Amino acid sequence: MRLTKLWQNRSPGDRHLSTYFCFAAVRLLLVFVPQLGYVHPDEFFQSVEVMTGDHFRLEHTRTWEFNNSLPVRSIVLPFALLRIPWSFYEFLAECLKVWWQLELLGTYTYVVFPRLIYTLISFSNDYCLYRICRLYGLRFEIRLLAMGSSWILLVFGTRTFSNSLEMAMCSWLLCLVSECMLRTNTVVYKKEFLEEKYDKAESISERVRIWKLKNSLPAHNLQHLMAMSTICVAGVFNRPTFLLFGAPMVFFWLLRGMGTRSITFRDFNLRIALFCLCALPALVFFIFCDSLYYQHLTLGELHMMHLSIDNFVFTPWNFIKANLDSAQTASHGVHPCYVHLMVNMPMLFNVLALASLGAFAQLLLRFFRAEYQVLPRFQSIVSLMSGAIFVPLFFLSLINHQEPRFLLPVTFPLILLHAPKLITGFSAKYPFQKDHPLLRLFYDKLLSSKASGPYLLKIWYVSNVALTLFFGFIHQAGVYPLATDISHVIATKPAATHVHLITSHIYSLPLHLINIPSSRVLHFNRQTHQRYRRPRDFYMYEYGGLPLESLLQKVKLISGSCEVKQSGPSRRRYKLYLAIPASLSAELHEALVHSNATSYLNFELLKVFYPHLSTEAFPRLQGRHPCDVDAPHWAYDDLRGTCAAEQLPAFSFAYLNKQFSSFVHQLGLALYEIDVTRNKPRYVTLAHSGCSTTKGYSLPFVQFLICLALCIAAAQAGFIAAPVTTYAAAPAYAAAYTAPVATYAAAAPAYSTYAAAAPAISTYAAAAPAYSTYAAAAPAYSTYAAAAPAYTASVYGAPAYTAPVATYAAGAAYAAPVTTYSAPAIVSPFLKKK
């Protein structure tokens with residue numbers, strides 16, 4: 001009972017601190033769950049994809065930012081934060097595998113381990129916030145609560161973004177600058193106070209004592225100089241936009257104490273010079289490491305001292321040049337200048353964004369009204385934090401490509417300034433100089449503590465939890481389970497089988513998550529002690545937001561290429577998969593029907609990964625949807641929907657239930673397996689001398705007799721004399737197969753005895769309509785042949801595919817095995833479950 005009373009009688013600060021620790025535990029827990037949401041491809045492709053792929057020799061994608069000719073990304077921080085920890089983890093995994101047969105390397109590990117490192121780094125933001133609050137006597141409980149409950153820390157803080165590192169480095173820089181400002185103000189105040197006392201002292205002994213006290217004051221002019229300069233260099237190499245965030249912080253560090261008798265412009269210039277000198281070691285180290293990694297500088301050139309300016313890489317300058325190109329930035333998206341201010345700030349910080357914008361507008365209004373006495377002192381913590389928010393916000397708004405994650409470093413100063421408003425309201429006292437009825441009404445109804453105080457913290461909680469669920473577990477959340485499933489397919493597939501994966505309307509799939517050994521590097525066999533190169537057996541085709549009609553053409557080309565390889569001398573078997581949002585399944589069916597692809601392509605739904613939402617393919621609220629295309633297969637998924645039948649729009653519970661079920665079923669990522677339709681081989685029965693023989697026993701002999709009869713009939717009918725013109729006159733193969741049989745039946749009396757003795761031949765002649773049916777279906781193949789030139793322009797290599805397609809179009813290679821085709825192609829129902 002006593003513990004219960006103590007828990008209930010806690011102070012508000014203790015309650016806020018307890019809630020913060022709960023959110024901190026949730027942040028750590030979300031790493032191991034893990035979060036399935038996929039915020040942005042840069043989460044993987046700017047660091048983890050390359051570092052993990054290089055270290056474990058896995059198939060991975062090296063984006064244009066890691067191009068050796070013009071690299072944009074520095075490799076030092078990703079190498080130090082990922083490659084080196086991977087080495088220790090790999091050693092531990094090998095030991096556990098040998099001792100206890102535990103496999104610790106896989107898709108789950110490749111996702112969780114890098115996130116764990118970045119999550120531990122994210123807690124440095126919390127520490128810096130606590131340290132500044134303790135230095136300046138601010139309430140840290142509510143600020144830590146706002147920091148810990150923010151979806152920025154719960155989602156972005158646990159992901160491997162370069163922006164997350166930028167936020168941590170900005171927090172450390174702000175902490176160091178704030179500490180230097182406080183120490184300088186304290187030391188300068190004491191120094192000037194002692195100087196005044198020294199001038200007023202009457203005795204020599206008192207002057208000596210004051211002089212000793214003045215000399216015992218700690219140094220402050222160059223405090224944290226080396227640490228700050230190193231952080232600035234690392235931040236610029238991590239993301240050159242750090243210049244915009246770090247510039248106001250460094251400016252306040254250079255300006256501290258100015259305007260007093262102790263600090264002059266000589267100190268200001270000395271600080272600038274020493275700051276640049278202290279940044280040189282880190283600058284040289286980053287340039288040297290990047291030059292070695294991107295092979296602009298080799299150890300041989302370094303040993304022979306054959307060096308020039310071309311041997312060194314300065315990645316921040318390459319980054320700036322690439323982003324100064326408007327066409328380059330436009331390829332990533334062009335946004336108006338107000339997006340950061342009007343969209344991204346409210347989305348990231350919701351009510352605190354409104355509070356910060358209102359406070360800044362109030363400061364500008366007072367400045368333009370020359371009300372300088374009510375403005376905060378320029379060298380104060382409020383001015384430092386305000387400059388750290390709005391200076392980079394202004395310059396980033398001038399760039400035409402704007403994403404919310406670019407504003408992550410603003411989180412720390414914004415929460416430090418405005419987090420207490422979550423419990424006090426937008427304004428604890430009347431903020432206007434003049435008392436006007438409209439202003440008073442606006443304050444009483446919206447800004448006052450009574451009007452806004454009880455609701456802001458609740459709105460903060462609800463919005464941050466909703467955004468955490470959306471971006472952490474729903475947005476593009478099917479990509480990670482898809483990678484896990486494909487990795488299982490690769491691990492269990494038969495030998496000499498190639499796997500092809502086509503994706504559309506989803507984010508790029510990180511190849512290292514599929515856990516495929518690289519085919520571009522040499523591997524080492526520990527048993528034979530030999531090096532070998534692994535053949536490539538996985539191919540991925542990403543088509544972004546390509547229309548489904550164009551996507552279907554790509555599917556036809558890829559499947560045709562795979563069929564040619566399978567029927568060729570290499571006999572390469574294959575598995576072809578397609579992954580698209582479930583909301584596009586109905587449109588995919590319509591595209592199949594319109595293109596007549598259902599006659600030779602069969603789509604089988606394997607899995608639907610829930611939940612998954614692609615902003616490129618929003619679910620439809622009304623009308624037909626994937627459940628209406630083929631309702632039975634939805635009975636096998638996790639969501640047993642009742643939306644199989646389409647209803648007329650009528651306001652009823654059943655109609656709303658079906659529409660809701662329709663919407664839920666579209667929140668998934670559908671994985672299909674694509675097969676080219678093939679018919680079972682026909683069995684030919686011969687009645688000769690009273691015995692029945694199947695195809696497997698006498699089919700070669702029957703084919704020889706048929707070919708001999710056709711050749712003799714063709715010779716007597718005159719086809720031997722002009723075979724080319726006759727073949728041209730019968731493109732549909734009907735004349736090529738029907739006429740010779742008829743000629744043989746009527747115009748070959750010399751062979752009547754043989755015909756009487758071989759009733760199977762007459763049976764073959766009677767079965768000729770089946771070949772005419774097959775010939776009637778030939779235009780579909782002629783369409784395939786007409787599409788053959790597309791292979792010459794495709795990425796699969798023109799010489800390898802042009803000849804087989806031409807041979808297939810000519811039909812000569814398919815003259816003999818034509819008996820294996822039975823009547824027209826019968827397509828299995830679309831999207832049926834196996």
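Leaving aside neighbours within four places in sequence, which residues is Ser-150 in contact with? The partners turn out to be Trp-460 and Asn-464, where contact means heavy atoms within 4.5 Å. Ser-150 itself is found in the loop between α7 (141-149) and α8 (151-154). With a relative accessible area of 1%, Ser-150 is buried; the cut-offs are under 20% for buried, over 50% for exposed and partly exposed in between, using a 1.4 Å probe and protein chains only.

A word on the model comes next. It is a predicted one, so local features need pLDDT of at least 70 and side-chain atom pairs count only at pLDDT 80 or more, while totals for chains, interfaces and linings use all residues. Residues are numbered from 1 along each chain as its sequence is written, and side-chain values use heavy atoms, with hydrogens and water left out.

As for the overall picture, the chain has 834 residues, and 47% of them count as buried. Its secondary structure comes to 36 helices and nine strands, taken as DSSP runs (H or I, at least four residues, for helices; E, at least two, for strands) and numbered from the N terminus. Take the contacts between residues at least 6 apart in sequence: 78% of these join residues at least 24 apart. The accessible surface adds up to about 42000 Å², and carbon and sulfur atoms hold 67% of that; the areas come from the Shrake-Rupley method with a 1.4 Å probe, and for residues only the protein chains shown count as cover.

One helix pair is worth a look. Helix α21 (residues 437-447) packs with helix α22 (residues 449-474) at an angle of about 25°, their axes being 5 Å apart. The axes are lines fitted to C-alpha atoms over the stretch in contact, with angles running from 0 to 180 degrees between N-to-C directions. α21 and α22 are therefore roughly parallel to each other, given that this label covers angles under 35 degrees (over 145 is roughly antiparallel, 65 to 115 roughly perpendicular, the rest oblique). On the α21 side the contact is made by Asp-444, Lys-445, Leu-446 and Leu-447, and on the α22 side by Ser-449, Ala-451 and Ser-452.

Then there are the charged pairs. The structure holds 15 salt bridges, each being a side-chain nitrogen of Lys or Arg within 4 Å of a carboxyl oxygen of Asp or Glu. One of them joins Lys-214 to Glu-195 at 3.2 Å, N to O. Lys-214 sits in helix α10 (residues 204-215) and Glu-195 in helix α9 (residues 162-200), so this pair ties together parts 19 residues apart in sequence. Helix α9 also holds Glu-196, whose side chain meets that of Arg-261 in a salt bridge (3.9 Å, N to O). Arg-261 lies in the loop between α12 (242-255) and α13 (265-293), 65 residues apart from Glu-196, and the pair links distant parts of the chain. Arg-261 counts as exposed at 53% relative accessibility, whereas Glu-196 is partly exposed at 40%. Elsewhere, Arg-62 and Asp-54 meet at 3.3 Å, N to O; Arg-62 is partly exposed at 30%, as is Asp-54 at 21%. Asp-42, Glu-403 and Arg-405 are linked in a network of salt bridges.

Finally, the surface carries a nonpolar patch of about 370 Å², made by Leu-28, Phe-32, Tyr-108 and Leu-120. Patches are made of residues with over 30% relative accessible area and no salt bridge, joining like charges within 9 Å and nonpolar side chains (Val, Leu, Ile, Met, Phe, Trp, Tyr) within 5 Å. At least two residues of the nonpolar patch come from each of α2 (12-32) and α6 (107-136). Leu-28 lies in helix α2 and is partly exposed, with a relative accessible area of 34%.
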